[in-house]
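Q: Please take a close look at one part of this protein, the surroundings of the annotated active site, and then work outward from there. Where does that site sit, and what lies around it?

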Amino acid sequence: STTLRPRLTVIGTGYLGATHAICMAVLGFDVIGVDVDADKVARLNSGEVPFFEPGLPELLTKALETGRLRFTTSFREAGEFGDVHFICVGTPQRGDSGAADLTYVDASVTALSRHLHRRALVVGKSTVPVGTAARLAELIRATAPAGDQVELAWNPEFLREGFAVDDTMRPDRLVFGVTSAWSEERLRAAFEPVLAQGVPVKVTDLQTAELVKVAANSFLATKISYINAMAEVCEATGADVRDLAEALAYDERIGGRFLRPGLGFGGGCLPKDIRAFAHRAEELGVGQAVGFLREIDGINKRRRSRTVDLVVELCGGDVAGKKIAALGASFKPDSDDIRDAPALEVASTLAGLGAHVHVFDPAAMENARRAHPELSYGTGALDVARGADVVVLLTEWTEFREIAPEAMAQVVGARRIFDGRHALDSGAWRAAGWEYRALGRP
Ligand code: UGA
C-alpha cells in the first residue's frame with residue numbers, strides 16, 4: 001500500500017534530519033530533505049554523509065538508488081511535494097543565559113509555510129522550550145496560504161549519535177503530540193513501518209510532547225552527574241567509584257545505564273538542553289522545581305576542571321613545557337561531533353597552561369583542527385604518545401581501550417596515564433609499570 005503513504009519532507013539535514021530522511025526513504029517513503037546549506041545538499045545528493053555516523057553512508061547510497069530520496073535548498077519544492085513535513089533544525093544555546101535560540105526553527109517554519117497551499121501536517125522534532133509548538137501553530141496559520149488546513153504536531157526525537165540508525169528504525173517509543181484525530185492518523189501513517197514492529201506510541205498534547213524530550217535528557221544528565229558527584233565523595237575518602245557504580249547497578253530500580261562515571265557529558269544536546277530547560281522553567285515561574293539542574297551542570301563542569309588539576313598533579317605540579325598526549329576529541333566515541341566536548345575543553349585548557357598538547361581522535365580530527373588550531377594533531381594514539389610526559393584518555397573509543405600498555409610504554413617519555421573515562425584495566429596498566437590515575441578512584 002505504498003501509494004497511500006504520505007510524502008515526506010525533512011527540513012534540516014544535520015545529525016537528526018539527515019538520519020530521519022535517509023531512514024524514512026529506506027523504509028519506503030518518498031522523501032525530500034531540505035537545507036539552506038547548498039554545499040551540504042550537494043554532498044548528500046552525491047551520496048556523501050557530511051558527518052560521521054556508523055551505517056548511515058551505506059543507507060544513503062541505498063536510499064538514493066531507490067530514487068525515493070533527494071535533497072534540495074528549495075522550500076517551494078518541499079511545500080508542493082510533502083504531505084507531512086518534519087522540522088529537524090538545530091536549537092543551539094543563545095548566549096550565557098542558557099536560553100534556546102529558536103532562530104532556525106522560526107525561519108524554517110516560516111519559509112516552509114509560505115508554500116503550503118493544501119492540507120498538510122507540520123511535525124516538530126527539534127528540541128524546544130515548552131510552549132514553542134503553540135506559538136508555531138499560530139505562525140503557520142498566519143503564514144500558510146492554506147491557513148488552518150495546515151496542522152502542527154510534535155514528535156520529539158530521542159536518537160543517540162553513534163546509534164542514530166538503530167534508534168530511528170527501532171526507537172524505544174514514539175511520542176505524538178497532537179491536537180486532532182487527523183494529525184494522529186497522519187503521524188501513524190508516516191511511521192507505519194516503524195509501528196508495525198510493535199514500537200509503543202504515547203499520544204499527548206503538544207506541551208507534554210515538548211516536555212517529554214527535555215525531561216528525558218534532564219534525567220539522563222542527572223544520572224550521569226549523580227555518579228560523578230559520588231566520584232567526588234569517593235576521592236575524598238579513598239573509595240572507588242567504579243566499584244560503587246557496579247554495585248549500585250545490580251539494583252534494577254537504579255540500573256547501570258548512564259551510570260558511567262568520568263569526565264561527564266558533552267555534545268550538542270545534554271548540556272544545552274538542561275540549561276534551556278532551567279531557563280524556561282524560570283520564565284514560567286517554576287524555576288525552583290528544576291533548580292537542581294543548575295547543580296547538575298555545575299557537577300558536570302567540575303569534572304573537567306578536576307581532570308585538568310589531576311593532570312597537572314601527575315606532571316609534578318606544572319604542565320608548562322610538558323608534552324601531553326590527548327586521546328580523543330569527540331564528545332563521545334563513534335561520533336565526530338565536538339560540540340561542548342569535554343575532551344577538547346580539557347586539552348585546550350592544558351594548552352593554555354603552557355603544555356604541548358598532541359591530540360588524536362579516530363573521527364573528529366577535521367572538526368577539532370578547525371575549532372582548536374592551538375593544539376597539535378597526530379596520526380594515531382602511539383604517534384601522539386611519542387615522548388609524552390603524560391597520556392590522557394578523554395574519549396573512550398574502542399581502539400583506545402585496546403591499546404596494549406606495554407606497546408605504549410615503548411614510545412612515551414614517562415609512564416603516566418590519566419584515564420578520564422574509566423576505560424582501561426588499571427591493573428594491567430599498573431603491572432606494565434604505569435602510574436595510573438582516574439577520577440574517583442584511589
Ligand atoms: C542524547 C540522548 O541520549 C538522546 O536520547 C537524545 O536524543 C540526544 O541527546 C538529543 O537530545 O539529541 P547524545 O548526545 O547523542 O544523545 O549522546 P549520549 O549517548 O546521551 O551521551 C551524552 C554524553 O554523556 C557523552 O558525552 C557521554 O560521554 C556522556 N555519558 C553518557 C557519560 O559520561 N556517562 C554515561 O554513563 C553515559
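A: In this predicted model, a convenient starting point is a stretch towards the far end of the chain, before turning to the site itself. Residues 325-426 are 34% helix and 18% strand, and the C-alpha atoms at the two ends of this span are 18 Å apart. An unreviewed UniProt entry annotates residues 325-426 as "domain: UDP-glucose/GDP-mannose dehydrogenase C-terminal".

Now to the site. The "active site" annotation, also from an unreviewed UniProt entry, covers Cys269. Cys269 belongs to the loop that links α11 (241-249) with α12 (270-283). Is Cys269 buried or exposed? A residue counts as buried when 20 or more other C-beta atoms lie within 10 Å of its own. Cys269 has 25 other C-beta atoms within 10 Å, so Cys269 is buried. Apart from neighbours within four places in sequence, Cys269 is in contact with Thr127 and Asn217.

The ligand comes next. It is surrounded by 21 residues, and Cys269 is among the closest, together with Glu161, Arg260, Phe265 and Gly267. Sorted by class, the shell around the ligand contains 10 nonpolar, 6 polar and 5 charged residues. Which helix gives the most to this shell? Helix α10 (residues 206-237) does, with 3 residues. The shell also draws on two domains: domain 1 (2-204) and domain 2 (214-297) each supply at least three residues.

These two domains are part of a wider division. The protein chain is split into domain 1 (2-204), domain 2 (214-297) and domain 3 (302-437). Between the C-alpha centres of domain 2 and domain 3 the distance is 24 Å. The contact between them involves 11 residues from domain 2 and 14 residues from domain 3. On the side of domain 2 that touches domain 3, the residues comprise 3 nonpolar, 6 polar and 2 charged.

A last detail concerns two strands. Strand β5 (residues 120-124) and β6 run parallel and are joined by 5 bridges. One of the pairings is between Gly124 and its bridge partner in β6, Trp154. Strand β6 (residues 150-154) is mostly covered, with 4 of its 5 residues buried.

To return to the site: Cys269 is a buried residue in a loop between two helices, and one of the residues closest to the ligand.

Methods:
Residues are numbered from 1 along each chain as its sequence is written. This is a predicted model: local features need pLDDT of at least 70, side-chain atom pairs count only at pLDDT 80 or more; totals for chains, interfaces and linings use all residues. UniProt positions are given in the numbering used here, feature names are shortened, and annotations may be inferred rather than shown by experiment. A residue is buried if 20 or more other C-beta atoms lie within 10 Å of its own, exposed if 12 or fewer, and partly exposed in between; C-beta atoms are placed from the backbone. Two residues are in contact if their C-beta atoms, placed from the backbone, lie within 7 Å. A residue is near a molecule or strand if its C-beta atom, placed from the backbone, lies within 6 Å of it. Ala, Val, Leu, Ile, Met, Phe, Trp, Tyr, Cys and Pro count as nonpolar, Asp, Glu, Lys and Arg as charged, and the others, Gly among them, as polar. Domain bounds come from an automatic or database domain assignment. Two strands pair if DSSP finds at least two bridges between them.
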